[in-house]
Amino acid sequence: MNPMLNIAIRAARRAGNIIAKGYERPESIETANKRPNDYVTNIDKAAEEAVIEIIRKSYPDHTIIGEESGALEGENKNVQWIIDPLDGTTNFVKSFPHFAVSIAIRENGRTEVGVVYDPIRNELFTAVRGEGAKLNDTRLRVENRRDLDGAILATGFPFKAKQHMPAHLNIIGALIEDAADFRRSGSAALDLAYVAANRVDGYFEIGLKPWDSAAGDLLVREAGGIVTDFSGGHNYLKSGNIVAASPRVAKAILTKIQPHLTDTLKN
């Protein structure tokens, strides 16, 4: 096993144990608002601390970028661990059992390892660049659908940037002309993992952060799908605007999306 993958899995499982124990004891959860509609809990922080501790023991010189801690620069800035200790915090706070730990490792600007761990279902999604993607021990492969007919698409509303809500609703209106239905489950990391696992046929969202999508991005690509920004390029980690699906479905989604983009979303 790739040694960094091994450490990422160990860190994800440790964080997952903290999250699962917190989920079983909702009275122990302390919640605060980071900004409107954006929450953080003591469990997020404890899970992130556990992940950082495990990474630091094996790779003390690596850089770590966490949702809660920000950038912890190491001597080696060419290797970055991008972590979201609890993707789906609102679900967690509401006892809605759909959230995950997300850990990506980027070397020289390229994602090499991705881990998404769902502690409630004990589902471990992993990918190593050039070696494929797995759910536990099962190899994942995106179904090569021909078009949007009958497709189930995942998305997330831009609740942190509501100025984009009209464009998002217009996009949904355009896509539903051909797609069968939508899923909005509250965890970008799991949405991307579910594309890789063929649980949904495609995914799009506005305004993600790198820790939301870096690990799931690799899962999709190593399962044979493609990930793009709204212009069909590769700027999605920076812009936060993302489409993920099999090649033909991604192309069909982009065709539907692009006429409804504001100037801000085209960048």
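Let's start with Lys256: its relative accessibility is 18%, so Lys256 counts as buried (buried means under 20% relative accessible area, exposed over 50%, partly exposed in between, with a 1.4 Å probe and protein chains only). This is a predicted model, where local features need pLDDT of at least 70, side-chain atom pairs count only at pLDDT 80 or more, and totals for chains, interfaces and linings use all residues. Residues are numbered from 1 along each chain as its sequence is written, and side-chain values use heavy atoms, leaving out hydrogens and water.

**Salt bridges**

- You'll find 13 salt bridges here (a side-chain nitrogen of Lys or Arg within 4 Å of a carboxyl oxygen of Asp or Glu).
- Lys256 shares one of them with Glu177, at 3.0 Å from N to O.
- Lys256 sits in helix α8 (residues 247–257) and Glu177 in the loop between α4 (165–175) and β12, so the pair ties together parts that are 79 residues apart in sequence (helices, H or I with at least four residues, and strands, E with at least two, are DSSP runs numbered from the N terminus).
- Unlike buried Lys256, Glu177 is exposed, with a relative accessible area of 60%.
- Arg110, Glu112 and Arg129 are joined into one network by salt bridges that share partners.
- Asp118 pairs up with Arg121, and their closest N and O atoms are 2.5 Å apart; Asp118 is buried at 0% relative accessibility, while Arg121 is partly exposed at 38%.

**The open sheet**

- Eight strands make an open sheet in the order β4-β3-β5-β6-β7-β8-β9-β10, with mixed pairing (two strands pair if DSSP finds at least two bridges between them).
- Its edge strands, β4 (70–72) and β10 (138–140), each pair on one side only.
- Strands β6 (residues 100–107) and β7 (residues 110–118) run antiparallel, paired over seven bridges.
- Glu107 stands opposite Arg110 in β7.

**Around Ser187**

- Look for Ser187 in the loop between β12 (181–183) and α5 (188–196).
- With 1% relative accessibility, Ser187 counts as buried.
- The side chains of Ser187 and Asp87 make a polar contact of 2.7 Å (a pair of N or O atoms within 3.5 Å; within protein, one must be able to donate a hydrogen and the other to accept it, and residues adjacent in sequence count only if both atoms are side-chain atoms).
- Setting aside neighbours within four places in sequence, Ser187 is in contact with Asp87, His98 and Ala100 (contact means heavy atoms within 4.5 Å).
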